Every structure is written in structure tokens, then in C-alpha cells.
Amino acid sequence: MLDVEFKDLKFAYDDEPDKLVLGGVDYQAKKGDFVCLLGQSGCGKSTLLRLIAGLEKSNPTELLVDGQPVKGTSLDRTMVFQDYGLFPWMTAGENICIALKQKYREWSDEQREEVAKTWMNNLGLDEDLFDKLPNNLSGGQRQRFATARAFAMDAPLMLMDEPFGALDAVTKALLQDTVLDLWQKEEDRKTIFFVTHSVDEALLLATDIVVLGQAPSKVIHTHHFTPETKPTRDALFTDPAVNELRNTLTKIIDDEIQEKARRLQEEKASRPVQEAPKGLFGRKKSR
Ligand SMILES: Nc1ncnc2c1ncn2[C@@H]1O[C@H](COP(=O)(O)OP(=O)(O)O)[C@@H](O)[C@H]1O
Ligand SMILES: [Mg+2]
């Protein structure tokens with residue numbers, strides 16, 4: 001069973017070892033969960049995904065994937081980034097094929113191309129786009145390719161870092177529906193960690209919403225939906241219970257932002273005032 005467990009997970013980057021980004025995250029995601037991570041900018045959401053992906057080193061007792069410590073990257077985990085992460089020097093289609101080549105070495109080029117095109121089709125991409133360079137595609141098309149590549153890899157754990165943040169509203173809604181559909185359709189569902197700054201996106205996609213507090217961050221709020229309570233897109237605008245939940249989540253995040261602003265203000269006020277260096281601003285005008 002592929003679940004993800006954080007046990008008092010702490011983390012600091014090497015360049016500032018005393019400054020904890022994660023200050024003890026406790027959470028367990030079960031196989032097939034669609035976890036949406038919310039929290040103010042800089043609280044460590046991307047860091048958390050990078051740790052799960054094995055791109056940053058974690059303490060072996062504090063982060064377990066499928067019961068095992070994360071020891072580096074693995075084909076069991078794929079990541080989708082906001083900036084698409086496509087190699088600009090190869091065609092969009094080749095970007096999918098080269099990823100498939102890592103996992104399915106025994107496949108022929110034709111097999112890889114066929115699977116790539118099936119996933120392009122699932123993500124609403126015309127086959128003609130296979131030979132285009134990423135730079136000659138729209139933002140929405142690039143994100144579809146990046147998402148197609150991640151699904152084609154068929155990894156049980158998918159990590160998505162604000163993948164639709166830069167897209168226009170219509171493309172975003174289409175891609176949200178597609179991802180939700182693909183995830184729901186699978187009998188053996190993937191576990192997804194999806195970072196977003198949009199409460200509505202979390203309400204629409206998540207089985208579980210996890211809110212992180214300010215750094216050094218911990219989990220400050222969780223909300224679980226059952227299949228019966230999971231909001232549809234229509235319910236986002238019409239259901240009073242969903243509206244109340246939206247308000248609650250927004251307030252929790254807002255309160256954290258206010259609290260951080262207050263702390264920064266206090267820190268600033270307690271610092272000694274520095275005199276401006278003479279000769280720059282302190283010089284008298286000669287005329
Ligand atoms: N590669 C890095 N090296 C050092 N510090 C980093 C690095 N990446 C992010 N940080 C710092 O870690 C904190 C959390 O960043 P991040 O995980 O990107 O937050 P979020 O995704 O929630 O906006 C920030 O203070 C950021 O400056
Ligand atoms: Mg981030």
C-alpha cells in the first residue's frame with residue numbers, strides 16, 4: 001500500500017541550517033487520497049513536495065513513503081511543476097517519450113509514441129502537437145503535456161506544485177476537471193499531493209485539505225471529505241455548507257498572514273535604528 005507519512009517532519013535548507021522551514025509536520029495520507037496543500041507563500045509547501053519527491057534529504061524516521069524512508073528520487077513518484085518542466089530542446093511529444101523510456105526500457109519507440117499519443121488525447125491535445133517545440137505552444141498546451149507526461153508514467157504517487165496557477169480561468173477549469181476525472185476513473189487510484197493557493201481549487205479537487213501554518217510550519221488545519229460530502233463544481237457556488245467551509249479556510253489562512261505581518265512588524269520595531277551613512281544622504285548641498 002502506498003501511503004505517505006510525516007512524523008514530526010522537520011527540515012532546514014543547508015544554507016540556513018538554523019532556520020527551520022518545516023517545524024514538525026505530522027500527517028498521514030492513505031493510498032488514493034487527493035491531498036490539497038494550502039498555506040501562505042513561503043510556508044514550505046514546495047519544500048514538502050520536494051522532500052516527498054526525494055529532491056531534498058529528509059530524516060529517515062520522519063518521512064515514510066509506502067512505509068519506507070525516502071532515499072532519493074524514484075519512478076514511483078512523478079512531479080508536475082507550475083513552469084511545466086518540459087525540455088525546450090526536444091519536441092513536446094518527445095518529452096513524454098523520453099520519460100517513458102526511463103520506466104519502460106523494453107518498449108519500442110513506436111510503443112512509446114503510441115502511449116504518449118493516448119495520454120495526449122486524454123488531456124485534450126491534438127496529435128499534430130506531438131512534433132512542436134514547447135516554446136511554440138500556449139501555456140495551457142504546455143501544462144497539458146506536462147500533466148500527460150506525469151500520468152503516462154503511471155506512478156502511484158503524483159506530486160503537483162501549483163500546476164494550474166498560471167493558466168487562464170477556462171483552461172484551468174478544464175484541466176482541473178480532466179485531472180479529477182482521470183484520478184476518479186482509475187480503479188487503483190493514485191495518491192496525489194497537490195499544492196495550490198486557491199481555496200476553491202482545493203475544495204473542488206481534494207479528498208483531504210491540509211493547511212500549513214507559517215514557517216517553521218506545522219499542519220494547522222485538516223478537512224476530510226467523504227465521497228458523499230465532496231463538493232461538485234456547481235456546489236462550490238450554490239451549497240451554503242461549502243460556502244461556510246470556504247470562509248473558515250480563508251479565515252484560517254488570513255489569520256496566519258496577519259500574524260506573520262504582526263511578528264515582522266514587532267521584529268522590525270525591536271531592531272536598533274541604523275543611521276544613514278554620511279556622505280551619501282548626510283552631505284550638505286554645496287550651493
Ligand atoms: N533551494 C532553497 N534553498 C534555500 N532556501 C529555500 C530553497 N527553496 C526554498 N527556500 C526557502 O524555504 C522557505 C519555504 O519555501 P517554499 O517551500 O518554496 O514555500 P511555498 O512553496 O510554501 O511558497 C522560504 O523561506 C524559501 O525562501
Ligand atoms: Mg511553492
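**Close-up views of a predicted model**

**Figure 1. Strand E9 is largely enclosed by the rest of the structure, because four of its five residues, which span 208-212, are buried.** Please keep in mind throughout that this is a predicted model. E9 has a partner in strand E3 (residues 34-38), and the two pair in the parallel sense over four bridges. To find your bearings in this pairing, look for Leu-38, whose bridge partner in E9 is Val-211. E9 also pairs with strand E10 (residues 219-224), here in the antiparallel sense and over five bridges. A good landmark for this second pairing is Ile-209, which stands opposite His-223 in E10.

**Figure 2. A hairpin of six residues joins E9 to E10.** Within the loop between these two strands you will find Pro-216. The peptide bond that leads from Ala-215 into Pro-216 is cis, with omega near -5 degrees. Ala-215 is worth remembering for the next view, as this residue is also listed among those surrounding ligand 1.

**Figure 3. Ligand 1 sits within a shell of residues that includes Tyr-13, Asp-15 and Val-21.** Follow the chain onward and you meet Gly-39, then Ser-41, Gly-42, Cys-43, Gly-44, Lys-45, Ser-46 and Thr-47, which also surround ligand 1. Ala-215 completes the shell. Sorted by class, the shell has six polar, four nonpolar and two charged residues.

**Figure 4. Asp-66 has a positive phi, near 55 degrees, in a residue other than glycine.** Where should you look for Asp-66? The residue is placed in the loop between strand E4 (63-65) and strand E5 (68-69). Asp-66 counts as partly exposed because 16 other C-beta atoms lie within 10 Å, whereas a buried residue would need 20 or more.

**Figure 5. Glu-162 is not a glycine, yet its phi is positive at about 45 degrees.** This residue is found in the loop between strand E7 (157-161) and helix H5 (169-185). Is Glu-162 buried or exposed? Glu-162 has 20 C-beta neighbours inside 10 Å, so this residue counts as buried.

**Figure 6. Domain 1 and domain 2 meet in this view, with their C-alpha centres 24 Å apart.** Eleven residues from domain 1 and twelve residues from domain 2 take part in the contact. Helix H5 gives the largest share of the side of domain 1 that touches domain 2, with five residues. By class, that side of domain 1 has nine nonpolar and two polar residues, and no charged ones. If you would like to trace the two parts along the chain, the domain assignment gives domain 1 as 1-76 + 156-227 and domain 2 as 86-154.

**Figure 7. Stepping back to the whole chain, we can count eight helices and ten strands.** The C-alpha atoms fill a box of roughly 75 × 55 × 45 Å, taken along the principal axes. Of the 287 residues in the chain, 34% are buried. Among contacts with a separation of 6 or more, 69% are between residues 24 or more positions apart.

Key. Residues are numbered from 1 along each chain as its sequence is written. Chains are lettered from A and ligands numbered from 1 in the order in which they are written. This is a predicted model: local features need pLDDT of at least 70, side-chain atom pairs count only at pLDDT 80 or more; totals for chains, interfaces and linings use all residues. A residue is buried if 20 or more other C-beta atoms lie within 10 Å of its own, exposed if 12 or fewer, and partly exposed in between; C-beta atoms are placed from the backbone. Two strands pair if DSSP finds at least two bridges between them. Two residues are in contact if their C-beta atoms, placed from the backbone, lie within 7 Å. A residue is near a molecule or strand if its C-beta atom, placed from the backbone, lies within 6 Å of it. Ala, Val, Leu, Ile, Met, Phe, Trp, Tyr, Cys and Pro count as nonpolar, Asp, Glu, Lys and Arg as charged, and the others, Gly among them, as polar. Domain bounds come from an automatic or database domain assignment.
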